[in-house]
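Subject: Structure handover

Hello,

Here is the structure I said I would pass on. Please open it alongside this note; what I found follows below.

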Amino acid sequence: MFMTSSISLDTTPGMTRTEIKTSASLASIFALRMLGLFLILPVFAVHATTLSGGDNVFMVGLAMGIYGLAQAFGQLPFGIASDKYGRKPVIVFGLILFALGSFIAAMASSIEWVIVGRAVQGAGAISAAITAFIADATRDEHRTKAMAMVGGSIGVTFALSLIAAPVLYRWIGMAGIFGLTGGLALVAILVVLFVVPAAPVIKVKRIAFGAILKNRELMRLNYGVFALHLTQIAVFVVVPSALVQTAGLPVAEHWKIYLPVVLASFAIMLPPIFIGERHGKAKQVFVAAIALLLLVQLGMWLFLSQASGHWMILVLLLLAFFVAFNILEASQPSLVSRLAPPEAKGAALGVYNTLQSLGLFCGGALGGWLKQHVGASSVFVLGAALTIVWLIIAANMKNLPRRGQLQKPLA
């Protein structure tokens with residue numbers, strides 16, 4: 001049994017206070033989830049050498065990647081459960097798992113127990129439930145803005161993690177970092193229960209799950225999110241060492257590039273999104289962002305192949321990457337919520353987030369393998385190939401009409 005919300009005409013301009021509050025609070029919880037993935041990346045490989053079994057490179061990589069793999073297996077069941085039992089209970093349960101996994105990892109003295117803790121962290125796969133909740137709680141014409149908060153939270157969390165991780169590791173150690181993320185998860189539970197507004201009133205209705213898997217437009221987006229996040233992680237398998245080699249910038253100082261680049265990309269990506277929404281050009285903006293992503297992949301391939309370019313070229317390519325990434329990260333969940341049957345948003349977003357998590361896992365695994373066995377530039381050949389396929393698929397998607405004011409405001 002699935003849920004659907006009632007639809008009615010409304011002429012209220014701008015997001016309501018409740019829409020803003022719901023979107024912002026849920027985006028902050030989404031950011032916490034990504035913090036669990038990003039915060040250990042800059043320091044865990046060093047810390048692992050202090051653990052029993054930490055000299056096994058495969059086990060260290062598994063400890064870093066198991067989070068995304070567990071997320072991939074959990075997204076669909078959690079999304080379907082949120083359709084059946086409600087968004088808030090599923091989100092709270094997922095946060096409990098995340099906190100439990102964090103505390104297991106904090107107490108671990110061996111790499112095996114870190115892997116267990118990271119797997120339990122990832123098992124609380126609440127991304128689909130959160131994005132479905134945002135889709136329920138926002139009117140159609142404002143949904144991309146709400147999803148942009150989520151997309152923006154990912155970029156900000158990534159940049160802040162690069163800054164905070166070395167400092168936190170020096171102050172409180174890896175156990176402290178895991179313990180901190182567990183404690184923040186418990187705080188997030190209180191936010192869900194007492195800060196996030198109540199979910200909209202819903203009706204219950206059945207729908208065949210096969211209808212989600214057979215929907216061509218949804219499958220285009222599912223492929224897209226897989227390619228996007230595989231590319232994201234693969235890029236950062238290569239870029240840190242490229243910055244060290246071309247700019248002579250130590251890893252601990254990379255935040256001086258990442259932070260301004262990410263913040264500038266937010267400022268650049270917002271006008272195209274708003275213009276596309278206002279003038280019914282969402283598809284054109286979407287396809288243009290994919291084309292920009294392809295140009296970035298080709299540009300990085302050329303840069304690394306020549307091995308003689310100025311490091312500022314790499315920074316400009318990184319800026320273009322984040323502009324494209326943020327536009328696509330904001331647009332795709334909104335498109336899924338529009339194209340999915342209203343009574344099965346959680347299931348549709350569960351499939352979508354499963355492919356997202358698989359992309360994160362495959363990006364790290366394939367990116368690392370290609371860099372080691374073929375060469376760093378080959379990572380961007382893979383990214384370009386996937387993006388070309390995506391560009392062809394997206395060019396044939398429906399040209400969605402301009403958003404109408406369809407949903408009744410929540411407050």
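A helix here is a DSSP run of H or I with at least four residues, numbered from the N terminus. By that rule serine 23 sits in helix α1, which covers residues 17-38. Please keep in mind that this is a predicted model.

The whole chain

The chain has 411 residues, and 56% of them count as buried. Its secondary structure amounts to 14 helices and two strands. Among contacts with a separation of 6 or more, 87% join residues 24 or more positions apart. The exposed surface is about 16600 Å². Carbon and sulfur atoms make up 71% of that surface.

Serine 23 and helix α6

Back to α1. Serine 23 has 0% relative accessibility. The cut-off for buried is under 20%, so serine 23 counts as buried. A polar atom of its side chain lies 2.8 Å from the backbone oxygen of glutamate 19. Beyond its neighbours within four places in sequence, serine 23 is in contact with Met15, Ile134, Thr138, Ala146 and Met149.

One of those partners, Ile134, is among the buried residues of α6. That helix spans residues 127-137. Eleven of its eleven residues are buried, so α6 is largely enclosed by the rest of the structure. The buried set includes Ser127, Thr131, Phe133 and Asp136. Several alanines are in it too: Ala128, Ala129, Ala132, Ala135 and Ala137.

Glutamine 332 and the α12/α13 crossing

Next, look at α12, residues 311-339, where glutamine 332 is found. Glutamine 332 is buried, at a relative accessible area of 0%. Setting aside neighbours within four places in sequence, glutamine 332 is in contact with seven residues that I list here in full: Leu221, Gly224, Val225, Leu228, Phe286, Tyr352 and Trp390.

Tyr352 leads on to α13, since that residue belongs to the α12/α13 contact. Helix α13 runs over residues 345-373. The axes of α12 and α13 come within 9 Å and cross at roughly 145°. The crossing is right-handed. On the α12 side, the contact is made by Glu329, Gln332, Pro333, Val336 and Ser337. On the α13 side, the residues are Lys345, Ala348, Leu349, Tyr352 and Gln356. By class, five are nonpolar, three polar and two charged.

Two alanines

Which helix holds alanine 99? Helix α4, residues 87-107. Alanine 99 is buried, with a relative accessible area of 3%. Leaving out neighbours within four places in sequence, alanine 99 is in contact with Gly182, Ala185 and Leu186. Glycine 117 is 18 residues away from alanine 99 in sequence, and their C-alpha atoms are 9.5 Å apart.

Alanine 282 is in helix α11, residues 282-306. Its relative accessible area is 18%. Buried means under 20%, so alanine 282 still counts as buried. Not counting residues up to four places away in sequence, alanine 282 touches Gly276 and Glu277. Proline 272 is ten residues from alanine 282 in sequence, with 8.8 Å between the C-alpha atoms.

Best wishes

Notes
Residues are numbered from 1 along each chain as its sequence is written. This is a predicted model: local features need pLDDT of at least 70, side-chain atom pairs count only at pLDDT 80 or more; totals for chains, interfaces and linings use all residues. Side-chain values use heavy atoms; hydrogens and water are left out. Buried means under 20% relative accessible area, exposed over 50%, partly exposed in between (1.4 Å probe, protein chains only). Contact means heavy atoms within 4.5 Å. Accessible areas come from the Shrake-Rupley method with a 1.4 Å probe; for residues, only the protein chains shown count as cover. A polar contact is a pair of N or O atoms within 3.5 Å; within protein, one must be able to donate a hydrogen and the other to accept it, and residues adjacent in sequence count only if both atoms are side-chain atoms. Axes are lines fitted to C-alpha atoms, for helices over the stretch in contact, and angles run from 0 to 180 degrees between N-to-C directions. A crossing is left-handed if the near helix is turned anticlockwise from the far one by less than a right angle, and right-handed if clockwise. Ala, Val, Leu, Ile, Met, Phe, Trp, Tyr, Cys and Pro count as nonpolar, Asp, Glu, Lys and Arg as charged, and the others, Gly among them, as polar.
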